[in-house]
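Visitor: I should like to learn how to read a structure such as this one, feature by feature. Where may we begin?

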Amino acid sequence: KTTSKPPPLPSPLRFSKFYQSNMRILVTGGAGFIGSHLVDKLMENEKNEVIVADNYFTGSKDNLRKWIGHPRFELIRHDVTQPLLVEVDQIYHLACPASPIFYKYNPVKTIKTNVIGTLNMLGLAKRVGARILLTSTSEVYGDPLIHPQPETYWGNVNPIGVRSCYDEGKRVAETLMFDYHRQHGIEIRIARIFNTYGPRMNIDDGRVVSNFIAQALRGEPLTVQKPGTQTRSFCYVSDMVDGLIRLMEWEHTGPINIGNPGEFTMVELAETVKELIKPDVEINMVENTPDDPRQRKPDITKAKELLGWEPKVKLRDGLPLMEEDFRLRLGISKE
Ligand code: NAD
Ligand code: UDP
Ligand code: UDP
């Protein structure tokens, strides 16, 4: 496929070992939503051997079923809060629940995953000389006072709130990445991922796009949390995976925002889902959860300039692809 191929690489990388010899790549959290799409893409390159380490907290073997048994693929049940000994050239470190209902379910475990899990993967990277990419999050900007958010913004984060296990956890993970880089010379990459959607999202994980699509398909009212004017910017998962691979392969540590700058209010999103999937569905306003950021939109100038990356899939084109996948999994065919 040519569509997602990175543009010509800067000269030092053209001769990197990636393009010359086999690469052994560890993907932590590879049984999850973004991780499994990343694995699909990495496996397309016949020079890659992929090892997934996942504890199946929010991920599933089902997401990887087409690779199980493949000679270039290996799946390990492993919790990243425990040390891991493998020999690899690159580490994509994704392991961490991403949905608020899952990361709030056991907040102490979420912090351990972010802090001890990242420390272990950095220890591994140091021992074997691997390059490591962390999937950080737009949540490091908290409830942002600057809009849209550039990477230079330090954020407005509540350190003691119910989301802190996730957003402060990721902030410490970023700090650890930079300290290993400065202190031990580890090659690091940090992606700050903004809301991502697409096939294989957990159907009942409480995130807004999966909620609205599942509700529309089940004929239940779409639950817009008040006030409904809060905004998010949604990136289709294939665009996200292209951005992550570019970041890993190119020569910039980041942090780099990877997301789609198209910004929508939650009422607009509900209306779009209603129009595309079920025109007669109701929209209900319901109570919100604490610390909900009011607005969020990535400034992707850096990704464009440094990685030649920008998203291609519009929300209106991505939602039907997700609808198709949800219909299959829910067993609801198109009337
Ligand atoms: P996901 O929940 O589908 O995937 C996370 C994976 O990590 C799952 O397979 C889960 O089982 C695994 N995992 C969790 N804790 C683990 C542990 N202690 N040890 C081993 N495996 C563990 O989430 P996702 O949407 O695919 O997110 C992937 C990464 O991207 C996460 O780091 C998340 O913080 C980041 N991110 C995602 C979004 C988004 O919109 N989806 C936004 C910002 C950042
Ligand atoms: N670690 C790991 N795999 C390795 C090497 C290290 O999981 O291949 C873990 C190790 O158990 C430690 C962490 O990474 O808890 C940090 O390792 P580092 O060598 O940086 O620190 P130290 O072991 O000296 O505390
Ligand atoms: N949201 C909503 N209805 C839902 C679930 C979420 O209106 O059924 C809103 C929520 O208040 C937030 C936005 O959608 O403003 C995004 O929430 P999500 O949990 O998907 O992601 P995050 O808050 O991590 O960006």
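**Reading the ligand shells and the sheet**

Guide: Let us begin with a ligand and its surroundings. In this predicted model, ligand 3 is surrounded by 13 residues, and the closest are Arg 207, Val 208, Asn 211, Gln 225 and Met 266. Two elements, helix 7 (208–218) and strand 8 (222–225), each give two or more residues to this shell.

Visitor: Which element gives the most to the shell around ligand 3?

Guide: Strand 8 does, with three residues.

Visitor: How many nonpolar, polar and charged residues does the shell around ligand 3 have?

Guide: A shell may be read by residue class. Around ligand 3 there are four nonpolar, six polar and three charged residues. For ligand 2, the classes come to five nonpolar, two polar and two charged.

Visitor: Which residues are around ligand 2?

Guide: They are Pro 83, Leu 84, Leu 85, Leu 119, Asn 120, Gly 123, Leu 124, Lys 126 and Arg 127.

Visitor: Let us turn to the sheet. What is the order of its seven strands?

Guide: A sheet is read strand by strand, from one edge to the other. Here the order is 3-2-1-4-5-6-11 in an open sheet with parallel pairing. Strand 3 (73–77) and strand 11 (256–258) each have a single partner strand, so each is left with one side lacking a neighbour in the sheet. On average, and with direction ignored, neighbouring strands are turned by 20 degrees against each other.

Visitor: How many bridges join strand 2 to strand 3?

Guide: Strand 2 (residues 48–54) runs parallel to strand 3 and is joined to it by five bridges. Within this pair, Val 52 stands opposite Leu 75 of strand 3.

Visitor: Which strands does helix 3 touch?

Guide: Helix packing is read from contacts and from direction. Helix 3 (residues 33–44) packs on the sheet and touches strand 1 (23–28), strand 2, strand 3 and strand 4 (90–93). The direction of helix 3 makes about 165 degrees with that of strand 2. Helix 8 (residues 237–249) also packs on the sheet, where it touches strand 4, strand 5 (131–137), strand 6 (188–193) and strand 11. Its direction makes about 160 degrees with that of strand 6.

Visitor: What is the mean pLDDT of the protein chain?

Guide: Where pLDDT is low, predicted coordinates should not be read in detail. For the protein chain the mean is 93, and 94% of its residues reach 70 or more. The model scores ipTM 0.97 and pTM 0.93.

Key. Residues are numbered from 1 along each chain as its sequence is written. Chains are lettered from A and ligands numbered from 1 in the order in which they are written. This is a predicted model: local features need pLDDT of at least 70, side-chain atom pairs count only at pLDDT 80 or more; totals for chains, interfaces and linings use all residues. Two strands pair if DSSP finds at least two bridges between them. Helices (H or I, at least four residues) and strands (E, at least two) are DSSP runs, numbered from the N terminus. Axes are lines fitted to C-alpha atoms, for helices over the stretch in contact, and angles run from 0 to 180 degrees between N-to-C directions. Two residues are in contact if their C-beta atoms, placed from the backbone, lie within 7 Å. A residue is near a molecule or strand if its C-beta atom, placed from the backbone, lies within 6 Å of it. Ala, Val, Leu, Ile, Met, Phe, Trp, Tyr, Cys and Pro count as nonpolar, Asp, Glu, Lys and Arg as charged, and the others, Gly among them, as polar. pLDDT is the predictor's confidence in each residue, from 0 to 100.
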